[in-house]
Amino acid sequence: MRILTGVQPSGKLHLGNFFSVIRKLKEYQNTTDLYCFVADLHSLTTFSSKDKQKENTYNAVCDFLALGIDPEKCTFWLQSSVTEVTELTWYLSHSISVNHLELAHSYKDKIARGFHPRGGLFFYPVLMAADILGFDSDRVPVGKDQKQHLEYARDIASVFNREVGNVFKIPEPEIDEATALVPGTDGQKMSKSYGNTINFFDSEKELKKSIMSIMTDSAGVDESKDPDKSHIFAIHSLFLDTKGKETLREKFLTPGTGYGDLKKQLLQDTLDYFAPFRRERERIGADPAFVESALKKGKEKAQKTITGVLDRVRNELGMYRF
Ligand code: ADP
Ligand code: TRP
């Protein structure tokens, strides 16, 4: 079983990224053939400067290593270091119509929010299909917002298999309903683009600021609070088992605890939960030689796999090889 996933290095990691996908990867690398990469080609759709691109990429790589991705157990690489994926993107682009790409929610949303409709943004799903199909992936864990991109990958693979040659595995999306849409501090989907994130590698001061900004209703200390309508409860639940959730639920329902205290508890649990990762993050961030050697190892493994798939594709397309 090969599991593959990627995350864009477009800012700091938040609880939505962690609980929907990243948390599972540590276990997968012990039990399956895990492929995981930092999607720095995709992040060019939101390019601002070369310094920012470099910084974000380095940080994302360090974040993953600190969160337990082990380059000995999993194939972990930087997307742009395996250039074969861009060649595959071109081959795949002939298996999807412009009309179909125009229906992409992420493309339409970005245009609606004032982004220039550039070719790269339009082509995003095709590059993502190449990421997935180029490595014979069986399953792809993602958040709910990536569901349509997975459908594109499956459609493109089916069209190619039918019209050109039977080359690709059809990948299955893996979307956990319980964590499919982690809410942000304002109750909308937690997302970098909405400025409502809780970033677990932030300084304690910044973390406190984000958690204290979680929106609440006006229930006072002496009133009962509805846990099912509270963003604090929804976020805190991510850290808790069934018993812990029940205890917290009681605390909400029983008058006597204010939202300020409930937020303080969430802050403390967040700090405790991520303490080992935060220490590891500091150590790895200061060791560029380790980071580089991890990426080199992953690049070699990833290149080997995609080359095998590309050979099948080139062969079916009759590309002249010498
Ligand atoms: P963002 O929306 O903050 O830019 P990304 O697009 O970088 O996040 O998401 C990386 C991964 O984390 C994707 O698989 C995405 O579906 C998942 N993800 C992001 N935000 C959430 C969320 N609020 N709830 C659940 N999953 C999420
Ligand atoms: N589009 C994904 C996101 O924004 C990142 C990504 C790129 C990805 N290629 C992928 C995820 C391949 C899974 C598989 O989160």
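A residue counts as buried when its relative accessible area is under 20%. By that cut-off Glu174, at 10% relative accessibility, is buried, a charged residue that returns below with its partner. The model discussed here is predicted, and the picture is built up from its nonpolar cores, through one edge of its surface, to its salt bridges.

It is convenient to start with the nonpolar interior. In soluble globular proteins, nonpolar side chains tend to be buried together. Here the largest nonpolar core holds 50 residues, and the members that touch the most others are Leu15, Phe64, Ile69 and Phe76. Helix H11, residues 259-285, supplies the largest share of this core, with 8 residues. Because residues come to the core from both domain 1 (2-180 + 288-317) and domain 2 (192-282), the core lies between the two domains. A second core, separate from this one, has 40 residues, with Val82, Tyr124, Ile132 and Leu133 among them.

Phe76 offers a helpful close-up of the largest core. Once residues up to four places away in sequence are set aside, Phe76 touches Cys36, Val38, Val61, Phe64, Leu65 and Ile69, and also Ala294, Leu295, Gly298 and Lys299. Two of these contacts, Phe64 and Ile69, are named with Phe76 among the core members that touch the most others.

Helix H12, residues 288-317, brings the description to the surface. Leu317 is placed in this helix and is partly exposed, with a relative accessible area of 33%. Together with Val164 and Met319, Leu317 makes a nonpolar surface patch of about 200 Å². Arg314 also has its place in helix H12, but at 8% relative accessibility Arg314 counts as buried. Beyond its neighbours within four places in sequence, Arg314 is in contact with Glu87, Tyr91, Met319 and Arg321. Met319 thus appears both in this list of contacts and in the nonpolar patch.

The contact with Glu87 leads on to the charged pairs. The side chains of Glu87 and Arg314 meet in a salt bridge, with an N to O distance of 3.0 Å. Glu87 lies in helix H3 (residues 84-92) and Arg314 in helix H12, so this pair ties together parts that are 227 residues apart in sequence. On the H3 side, Glu87 is partly exposed at 26% relative accessibility, whereas Arg314 is buried at 8%.

In total, the structure holds 20 salt bridges. Glu174, met at the outset, forms one of them with Lys24, at 2.7 Å from N to O. Since Glu174 lies in strand S5 (residues 172-174) and Lys24 in helix H1 (residues 15-31), the pair ties together parts that are 150 residues apart in sequence. Lys24 has a relative accessible area of 12% and is buried, as is Glu174 at 10%. This pair does not stand alone: Lys24, Arg139, Glu174 and Asp176 are linked in a network of salt bridges.

A more local arrangement is found in helix H11, the helix that gives 8 residues to the largest core. The side chains of Glu280 and Arg283 meet in a salt bridge there, at 2.9 Å from N to O. Because Glu280 and Arg283 are 3 residues apart in helix H11, about one helical turn separates them. Glu280 is partly exposed, with a relative accessible area of 27%, and Arg283 likewise counts as partly exposed, at 44%.

Notes. Residues numbered from 1 in each chain as written. Chains lettered and ligands numbered in written order. Predicted model: local features only at pLDDT ≥ 70, side-chain atom pairs only at ≥ 80, totals over all residues. Heavy atoms only, no water. Core = buried A, V, L, I, M, F, W, Y, C linked by side-chain atoms within 4.5 Å. Buried < 20%, exposed > 50% of the residue type's maximum accessible area, 1.4 Å probe, protein only. Helix = DSSP H or I, 4+ residues; strand = E, 2+ residues; numbered from the N terminus. Domains from an automatic or database assignment. Contact = heavy atoms within 4.5 Å. Patch = residues over 30% accessible without salt bridge, like charges linked within 9 Å, V, L, I, M, F, W, Y side chains within 5 Å. Areas by Shrake-Rupley, 256 points an atom, 1.4 Å probe, with all protein chains shown as cover. Salt bridge = Lys/Arg side-chain N within 4 Å of Asp/Glu carboxyl O.
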